[in-house]
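Could you walk me through this model in my viewer, one selection at a time? I would like to know what to pick next and what is there.

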Amino acid sequence: MTRSLRPRDGRKAPLPSDRRAQPGRQRDAFFDNAKYLAIVLVGVGHAWGQILDGNRTVETLYRVLYTFHMPAFIIISGYFSRSFDLSPKRVRRLVTGVVVPYLVFEVAYSLHRRLSEDPSAGISLLDPTYLLWFLCALFVWRLTTPIWQTVRRPLPIALGIAALASVTPTIGDDLNMQRVLQFLPCFVLGLLLRPEHFRMVRRRSVRIMSVPVVAAAVVTAWWSVPRMETGWFYRNAPVQDTGAPWWAGPVLTLALFGCSLVLSACFFAWVPGRRMWFTALGAGTIFGYLLHGFLVKEGTYAGWFSHPVFDRPLGEVGLTVLGAAVITVLCTGPVQRVLRCVVEPRMDWAFVERHPGEAARDRGEAGKAEVREVREVREARVPSEAGEKVSV
């Protein structure tokens, strides 16, 4: 009977606990590709944002980009937050992966401003600097995940909260709550999505339809440049700050969400599902996101972007390529290894030891989550144009 458990070639059969034999634990190339491409667009958008004055072409592309690039990134964040609960294990990961990097980089950005622009600049842990608002938002969104997974009609509720935030000037700058609330529907949408939804938008028909849709978005953005303030696309202020009537807040909130949803679907339709040369960089997008802001800020302080070369098309194209290249480098393995201690630190010393019963429950929950993950990955496998199986 013992011999019957051995393969005929004499090699040992893998144990059920051998994780190398569990393909469901492999990273999904589609989502890594999507995260990398989204973070590249974030870097390009920040570069374009420095040369908008009087440049209608760049501002048109900038508006199209700002309609969907952060919503797409937030949708992915929500999708991967579906299993979040308030268990000690996940709370610890939230602290080490979100809270600690926020505190470290908030201090770092403040010190950088002191050295490069304003020696009297203070440090405010409640008023996020530049792009750090996203970490504050992610912290709040994940803490509220159990609520959105409990209530009925979570997306309409989130849209209602976003609309109310757009007409509430009493919301202060603490934790950049305007953005937290106005981008909330994108995160809640990600919580509601399943693999089959991504399979739907990756159909060839959707890919073809996305071309005229994006073209129409570019035309609309060109038309809107002299008629609409760019600040609306940031979702960081109430309607009262723009001088528009109060009803414009809810209307534009719903309109921007609809446009974000459509353009995000177009973006996902063109994300490759197979492994590419940049797929591995998708695991390091948080490094590129947090680090590239130092270069953008230094360029602003030092006046790099006011150079006449950026007034010409060749300079604009060069800045675009440079922005994408910088983000790519900052997502690479060497950068991750050097800065992992502050971006993804191991802080076992900071937490109480778990009770053996709690550890057993965590292992049981992890096993159930793994089974669900394997099932979803198998359900999400779709044939590529070449006939091979591709994981969504």
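Helices here are DSSP runs of H or I with at least four residues, numbered from the N terminus. Keep in mind as we go that this is a predicted model.

**The whole chain**

Start with everything shown as a cartoon. The protein has 15 helices and 2 strands. Of its 392 residues, 44% count as buried. Among contacts with a separation of 6 or more, 80% link residues 24 or more positions apart. Now switch on the surface: the protein exposes about 21400 Å², and carbon and sulfur atoms supply 62% of that area.

**Stop 1: helix α1 and K35**

Select residues 29-48, which form helix α1, and pick out K35 there. Is K35 buried or exposed? K35 counts as buried because its relative accessibility is 17%, and the cut-off for buried is under 20%. Leaving aside residues up to four places away in sequence, K35 touches R27, F73, I76, G282 and T285.

**Stop 2: the nonpolar core**

Next, select I74, W133, F134, W141 and F268. These are the residues with the most contacts inside the largest nonpolar core, which has 80 residues. Helix α2 (residues 56-79) gives the largest share of this core, with 13 residues. Then centre on W141. Not counting residues up to four places away in sequence, W141 is in contact with I74, W133, F134, R179, V180, F183, L184 and F187.

**Stop 3: a salt bridge within α2**

Stay with helix α2 and show the side chains of E59 and R63, which meet in a salt bridge with an N to O distance of 3.2 Å. The two residues are 4 apart in the helix, so about one helical turn separates them. An α-helix has 3.6 residues a turn, so residues three or four places apart point the same way. Both partners are worth colouring by accessibility: E59 is buried at 13% relative accessible area, and R63 is buried at 1%.

**Stop 4: more salt bridges**

How many salt bridges does the structure hold? There are 7. For another one, select D85 and R90, whose side chains meet at 3.6 Å, N to O. D85 counts as partly exposed at 26% relative accessibility, whereas R90 counts as buried at 18%.

Then move to R340 and E344, where the closest N and O atoms of the salt bridge are 2.6 Å apart. R340 is partly exposed at 33% relative accessibility, and E344 is partly exposed at 35%. Elsewhere, salt bridges that share partners join R27, D32 and K35 into one network, so add those three to your selection.

**Stop 5: the two sides of α14**

Select residues 333-343, helix α14, where V335, Q336 and V343 are buried. Look down the helix axis: the buried residues fall within an arc of 85°, so they line one face of the helix. What do they pack against? Their neighbours are α3 (88-116), α12 (285-302) and α13 (313-330). Turn to the other side of α14 to find R337, V338 and C341 exposed.

**Stop 6: a nonpolar patch on the surface**

Finish with the surface on and select L103, V107, L111, I123 and L125, which make a nonpolar patch of about 370 Å². V107 belongs to helix α3 and is partly exposed, with a relative accessible area of 31%.

Notes
Residues are numbered from 1 along each chain as its sequence is written. This is a predicted model: local features need pLDDT of at least 70, side-chain atom pairs count only at pLDDT 80 or more; totals for chains, interfaces and linings use all residues. Side-chain values use heavy atoms; hydrogens and water are left out. A nonpolar core is a set of buried Ala, Val, Leu, Ile, Met, Phe, Trp, Tyr and Cys residues joined through side-chain atoms within 4.5 Å. Buried means under 20% relative accessible area, exposed over 50%, partly exposed in between (1.4 Å probe, protein chains only). Contact means heavy atoms within 4.5 Å. The arc is that of the directions from the helix axis to the C-beta atoms. Accessible areas come from the Shrake-Rupley method with a 1.4 Å probe; for residues, only the protein chains shown count as cover. Patches are made of residues with over 30% relative accessible area and no salt bridge: like charges are joined within 9 Å, nonpolar side chains (Val, Leu, Ile, Met, Phe, Trp, Tyr) within 5 Å. A salt bridge is a side-chain nitrogen of Lys or Arg within 4 Å of a carboxyl oxygen of Asp or Glu.
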